[in-house]
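Please look through the sequence and the structure below before reading on. The notes that follow take up one hairpin, then some aromatic rings, and then charges placed over rings.

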Amino acid sequence: MRKFTVDDATKSATQQLLITQGAPGTTLKVLTGAATDANGNVYVSDVGNKVIHSWAPDGTFRFDISGPIRGDLRGVAVDDALGRVYLSDAVAGGIRAFDMSGNYLFMISGLGLADGEFTDGARQIAVTPDNHVWGADYGSFRVQEFLPDGTYVRHFPDPAMRPDPAGISQARGLDVDPVTGDVLTVDAFGQRVNRYSSRGQLIDQFGRRGSSPPEGMNYPKAVAVNPATRDVWISSFEGPPGVVGFNSDFTTVLGRPDIPRWVGDLEFYNGQLYALERRPGAVRVIDPATLAVVRTWTSTIGLLHGLAVDPSNGNMWITHDSKPLLYVLSPAGKTLKTITLPGVGWGVAIKGDEVAVADTTTGFVDIVSRTTYAVTGRIGLGAGFKLGQMKTPSGLQFGPDGRLYVMEQVNSRVTVFGPGPRPAAETVKPAMAPDAGPTVVNGQVVLTGTASDASGIATVEARVRDLTTGLYYDGRYATWVTRLDMVGWCGVGRRERAELALHRPGHPARALVCRVPARHRPGRQPLFS
């Protein structure tokens, strides 16, 4: 733990103190929350040691607070007036109260979905001058308020604000439904699975933060569709509920195999589910009907990233976690070939005699021959944010339409590559048709219009600027900023309706200008301004 003094005038910070241990001989592990009392004493939660450490202002160790702490400690807060130290004990689901000497008093709230309960426990906490205790309810997308005795008062926002349905955050896993061609992605920070049509239209979403089925997810990282049944299997990487099977519309939980966590990829082959454990490294083959582990290969090559199973012979193609290496293993786990890639690979997909590997280093998809093991080519335009470029490509899969779907973790999008030669440059630009003027609906300024193009609209983007201040409106955080890239959403066809809504953007008397370009392959034109 470090202590700094901050100089606002020079916008600088100077380290005054470095603390590396708690009680004599106790090494600090994972620190998640900190608070100080009126005397400058410091209280820090330590997940690894399951305690709150306390030090004097000069760094002298005072004592540890333990008591009935279960684990996954998060925020710490101090109420000097009532002489209390509060701790978020996420495993228990509540906020524990101690006196200033570390004696346990009681717990506020517990696990649940009702008002006054926390879904998978509170995260950061705070105390306001009226002695009320506040806790961030990550799983239910809200902040809850309690009286000092633990009585629930209210929450905000009301209703709770779920993640933007159009957004994807820290997504890695992707699979394609072989029957419908739907694309499924798992959204780690959104704690959900998304189902899109092959043209990018959102069809369904399912999940929330939690440690138990049916809806609970714990940073999901992998998804696989059973080609025989269309059942969907999802891996929560960080822990419970672990790997969970659902029917195709997520109305029924099929089961949870009893295997360790850290499953980073899932694949189906010959009716069996292959679960790749990233660390320490293993592949477990599971019977989805009985949930039994049929066999296990334990890694002798270190940590693992992605997996594909060759449909012609059952060989496993596995990428290394940190090295530019692709391994080909027999069904029994014998190493048949080690292939050097241009960069560190992630997901693997096989189609015919070609193996596609997402290259997280270069931003390309590397193509490897299934028969000669040679790297024969690459797909994409390299690392970047433009159409055809990729940032941290991860999960990928071929669809029944022959297209390759690639999940980009940094760009938070799915990029689609089609078979055959690249289309020739177009000469006819998109047609733009704005509707009549902006309108104000329920406090929102709404602009609408239509973009159309024979080859399909790739993206529609928007940016709003205040002509008086020169600032741009960032609708993600409801604030004004000095610089903002175009905020875009994907097109799905040859004709796209575009709507931009600004909720109370401020400065109502000032003139705002909005540019909404639509992009096709050669370029873009403004939809309206």
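**Strand pairing and ring contacts**

In this predicted model, Arg-195 stands opposite Asp-204, a residue of strand 18. The points below begin with the strands around this position and then turn to the rings.

**The hairpin**
- Strand 17, which covers residues 192-196, runs antiparallel to strand 18, which covers residues 202-206, and 4 bridges join the two.
- These two strands form a hairpin with 5 residues between them, and in the turn Gly-200 has a positive phi of about 95°.

**Aromatic pairs**
- The count of aromatic pairs comes to 11.
- One of them is formed by Phe-118 and Phe-146, a tilted pair with 5.8 Å from centre to centre and 40° between the planes.
- This pair links distant parts of the chain, 28 residues apart, since Phe-118 lies in the loop between strand 10 and strand 11, while Phe-146 belongs to strand 13.
- Both Phe-118 and Phe-146 are buried, and ring pairs link these two residues with Tyr-152 into a cluster.
- The ring centres of Trp-317 and Tyr-373 are 5.9 Å apart and their planes stand at 40°, so this pair is tilted.
- Trp-317 is in strand 30 and Tyr-373 is in the loop between strand 35 and strand 36, 56 residues apart, so that the pair links distant parts of the chain.
- Trp-317 counts as buried because its relative accessibility is 1%, whereas Tyr-373, with a relative accessible area of 25%, is partly exposed.

**Charges over rings**
- The charged end of Arg-172 sits over the ring of Trp-346, at 3.9 Å from the ring centre.
- The charged end of Arg-378 sits over the ring of Phe-364, 3.9 Å from its centre.

Methods: Residues are numbered from 1 along each chain as its sequence is written. This is a predicted model: local features need pLDDT of at least 70, side-chain atom pairs count only at pLDDT 80 or more; totals for chains, interfaces and linings use all residues. Side-chain values use heavy atoms; hydrogens and water are left out. Two strands pair if DSSP finds at least two bridges between them. Helices (H or I, at least four residues) and strands (E, at least two) are DSSP runs, numbered from the N terminus. Rings of Phe, Tyr and Trp (its six-membered ring) pair if their centres lie within 6.5 Å; planes under 30 degrees apart count as stacked, over 60 as edge-to-face and the rest as tilted. Buried means under 20% relative accessible area, exposed over 50%, partly exposed in between (1.4 Å probe, protein chains only). A charge sits over a ring if NZ of Lys or CZ of Arg is within 6 Å of the ring centre and within 35 degrees of the ring normal.
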